[in-house]
Amino acid sequence: MIRSSPGAVVCDLMKQDHPGTRRYACSEGTIEIAVENAAQWHALAVCLGRPELAYEGSWQVSQKSPADGPLAAVIASMFAEDTAQRWRARLAAHDVPCVIV
C-alpha cells in the first residue's frame with residue numbers, strides 16, 4: 001500500500017499480483033502504483049488516456065489478470081512514454097496512489 005502525506009510518501013512493500021499493484025518502468029525512472037478499488041482503476045484508465053480500460057467489471061478483471069500479462073503490457077507501454085516525475089504528477093491529480101521508486 002502507498003500512502004501520501006504532506007511532505008512525505010510512505011511505500012510499504014506490496015505484493016505485485018495484478019496490473020494495478022506493481023512497478024512500471026518509465027522513459028526515465030520507475031513508478032509504483034497501488035490501485036485498491038474500482039474508482040482508482042477508472043481514474044488510472046482516464047489518466048493513461050485509455051478510458052476503454054474502465055468498462056463495467058474491469059476492476060474485477062484487472063484483479064484476476066497476472067501482474068506481467070497482456071493488460072499489464074498495455075499499461076507498461078503507456079508509462080514508458082513519459083518520465084516517472086511527470087506520471088507521478090498526473091496520477092496524483094487523478095487520485096491514483098503512486099510513488100517514484
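## A buried polar pair

A polar contact here is a pair of N or O atoms within 3.5 Å; within protein, one must be able to donate a hydrogen and the other to accept it, and residues adjacent in sequence count only if both atoms are side-chain atoms. One such contact, at 2.6 Å, links the side chains of E32 and R23. This is a predicted model, where local features need pLDDT of at least 70, side-chain atom pairs count only at pLDDT 80 or more, and totals for chains, interfaces and linings use all residues. Residues are numbered from 1 along each chain as its sequence is written, and side-chain values use heavy atoms, leaving out hydrogens and water.

E32 sits in strand 4 (residues 30-34). Its relative accessibility is 2%, so E32 counts as buried (buried is under 20% relative accessible area, exposed over 50%, partly exposed in between, with a 1.4 Å probe and protein chains only).

## The two sides of helix 4

Helix 4 (residues 84-93) has A84, W87 and L91 as its buried residues. Down the helix axis they fall within an arc of 60°, so they line one face; the arc is taken from the directions from the axis to the C-beta atoms. Strand 4 is among the elements covering them, as are helix 1 (38-47), helix 3 (70-79) and strand 5 (98-100).

Exposed Q85 and A93 are on the face turned away from the buried side. After the helix comes D95, with a positive phi near 60°.

## The whole chain

The protein has 4 helices and 5 strands, counted as DSSP runs (helices H or I, at least four residues; strands E, at least two) numbered from the N terminus. Of its 101 residues, 43% count as buried.

Key
Contact = heavy atoms within 4.5 Å.
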